[in-house]
Amino acid sequence: MEKLNVPELFGSMVFGDREMRERLSGDVYRSLRKTIDENVRLDEKVAEVVAEEMKKWAIEKGATHFTHWFQPLTGVTAEKHDSFIEPTGDGGVLMEFSGKELIKGESDASSFPSGGLRATFEARGYTAWDPTSYAFIKDHTLCIPTAFCSYSGEALDKKTPLLRSMQAINRQALRVLHLFGNEDVKHVNTSVGPEQEYFLIDQKLFNQRTDLIYTGRTLFGCRPPKGQEMDDHYYGVIKPRVSCFMEELNTELWKLGILAKTEHNEVAPAQHELAPIYTTTNIAADHNQLTMEIIQKVAKKHGMVCLLHEKPFAGVNGSGKHNNWSVSTDTGVNLFSPGETPYENAQFLLFLCAVIQAVDDYQDLLRLSVATAGNDHRLGANEAPPAIISVFLGDELTGILNAIKNDVPYEGVEKVQMKLGVHALPRFFRDTTDRNRTSPFAFTGNKFEFRSLGSSNSIACANIMLNAAVAESLRQYADELEPVKGTDKFQSALHDLIKRVITEHQRILFDGDGYGEEWVKEATEVRGLSNLKTTADAMPHLLDRKNVEMLTRQKVFSEAEIHSRCEIMLENYCKTVNIEGLTMVDMVRKDYLPAIEEYLYTLARAVDSMKSVSEKLKCRYEISTIEKLTDLTDNILTSVEALEEALAGLKNCKDIFETSAAVRDKILPSMSTLRGYVDAAEMLTSAKYWPYPSYGKLLFSVQ
């Protein structure tokens, strides 16, 4: 195999900083860089030059088309391709691309979700170049990351509010940093490293499962004799077929400048994980959308299908997306880095308090930012963080905050040297705190890990809410401390503020087992934390007055945009479950019931072929199975009729809130009941007659 030159390969299909420095004049490059780094308005003359050089580069790379690549509220990306060709008078063509085409595109806005922001007949929408995220080439097309808005200016995408939230936290963080004399800081950025979990199964078996094709998850299937209980898949040797897939995946991601770093087997059979290095939140969101797309493309080339659903198989771990989030300055300072003496680092403690307060004040927003029909199956299922949002800080930071709250000296945490009993092995110091995998929101050294995101989610939603909530905390702190800046009252005011925040928001801090029933009781009954178990429970809280006021005050959403997103997310939830319900009905009526009946007929013929009563009585297996399957068949029929009735009843709901409640209270329980009977029948029916590949085949198909 040809040896890869990774440094040369990396970013080779990206019109990034390296290309811009080489191709643009000094003045143009500096002007564009100022737009990217300092959020300065783009000069249209600069755009004209950039467009010409971008076109030349793209054509050199084999591109024939360009597209404004955007992220509508469908959860996936969208693109409309236009070729570079322009006709000449002599019947030929020129390859043209103008600054106007780079800056603005026009798209049909009526066929994308708008949540009532647009009437169906109001079709015009615009895409606007986002110069902070580099253009790239995919499938011979120059892809230009863009924002997407309606004719009247409302955001119809995930990128626009994400950029607004980044502006909000930058604005408020600068105010706080200037209180501490950091006047040299001009910009504050949030960065994210989203870990991506996924399943790989054989393409041929996927094609035989109607539920996987229509919904991305198995709606039926009993557990195989062996699952994940031996823990032998986690970090195990990567199978040759998967290794080849990962090798090509890395190559394709590196070409696009995606910082794919870590790969390994996850806990469940057929489950894997890819983790990138941190990058700016906006770019990280774009890269994660590309990563999900490319994982699926590369898997197909290797005869496999990548499942990104949060819970494709019942009874084994689902897939999440851990959102590692940090905040840093343009001078290179990580604001969540405690330093050697975090107790004495007042700036760090204030930013830490901002996060603690934000998570407590807006725990409902963080929960609903990860709420989907798929993720509802995963959260709180002893494999992911619970639906109750809490913050894990670890022993050292918890001790520091307790000392401040109680006005006592901090004793410190003794550093422990690890001795493993073998002279040849090195000695090293243990970290001052352990990790807590059950915590939804954990401090992990110099960042926070928001673990509740689903594997198919865009990371934009969670980071929008996180950025906005923390910006709100920082705004309050700046408002309080700015009047005493530079006076002898500043230090005492700062101490009082930190102490007050710790005292008022300590309820959100929890270092124990988030999976235990004891925590659920303590969290809800003693601490008063919210436990929003489903999307139908969580999403309406987006419209709570405190949330609307905060999001509009931080200029992340308009009130109309907030209402539209609530409706879109609930509508998506209802449509997803409705499709799953209809798929179950289809599978049961067309495949499962006929298969069970055929097997029953075979068993009945076997019993009937016995000539004497004594011979028939010896058919204990056949007679017992017939009796059990007959009862199950009756229950399956009754249950599928009940599900059909419940699905039909959705049409009578008066609004999306009533519909989502009906989905939660009627459709999902009916689906669960039906599945239970069908899965029980699978255990009794000969594999020869069963119409779909079993869990065992699906989970252990890729060798």
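In this predicted model, the side chain of asparagine 170 reaches the backbone nitrogen of valine 188 at 2.7 Å. Asparagine 170 is placed in helix 6, which covers residues 159–179. When residues up to four places away in sequence are left aside, asparagine 170 touches His187 and Val188. Its relative accessibility is 11%, so asparagine 170 counts as buried, the limit being under 20%.

Helix 6 also lies across several strands, namely strand 10, strand 14 and strand 16. With respect to strand 10, helix 6 runs at about 125°. These three strands belong to an open sheet of six strands, in which the order is 14-10-16-21-20-17 and the pairing is mixed. Strand 14 (279–280) and strand 17 (391–392) form the edges of this sheet, each pairing on one side only. Strands of a sheet pair through backbone hydrogen bonds, and the pairing may be parallel or antiparallel. Strand 10 (residues 188–194) and strand 16 (residues 323–329) run antiparallel and are joined by seven bridges. Within this pair, glycine 193 of the one strand stands opposite asparagine 324 in strand 16.

A further set of pairings centres on strand 11, residues 196–202. Seven of its seven residues are buried, so strand 11 is largely enclosed by the rest of the structure. Strand 11 pairs with strand 13 (residues 271–276) in the antiparallel sense, over four bridges. Here the bridge partner of tyrosine 198 is histidine 272, in strand 13. Strand 11 is also joined by four bridges to strand 15 (residues 304–307), and these two strands run antiparallel. In this second pairing, aspartate 202 has methionine 304 of strand 15 as its bridge partner.

Two loop residues were examined for their backbone angles. Most residues other than glycine have a negative phi. Histidine 140, although not a glycine, has a positive phi of about 60°. Histidine 140 is found in the loop between strand 8 (135–138) and strand 9 (141–150). Its relative accessibility is 54%, and histidine 140 therefore counts as exposed, for which the limit is over 50%. Lysine 555 is likewise not a glycine and has a positive phi of about 60°. The loop that holds lysine 555 lies between helix 19 (545–553) and helix 20 (559–608). Lysine 555 is exposed, with a relative accessible area of 61%.

Technical notes: Residues are numbered from 1 along each chain as its sequence is written. This is a predicted model: local features need pLDDT of at least 70, side-chain atom pairs count only at pLDDT 80 or more; totals for chains, interfaces and linings use all residues. Side-chain values use heavy atoms; hydrogens and water are left out. Buried means under 20% relative accessible area, exposed over 50%, partly exposed in between (1.4 Å probe, protein chains only). A polar contact is a pair of N or O atoms within 3.5 Å; within protein, one must be able to donate a hydrogen and the other to accept it, and residues adjacent in sequence count only if both atoms are side-chain atoms. Contact means heavy atoms within 4.5 Å. Two strands pair if DSSP finds at least two bridges between them. Axes are lines fitted to C-alpha atoms, for helices over the stretch in contact, and angles run from 0 to 180 degrees between N-to-C directions.
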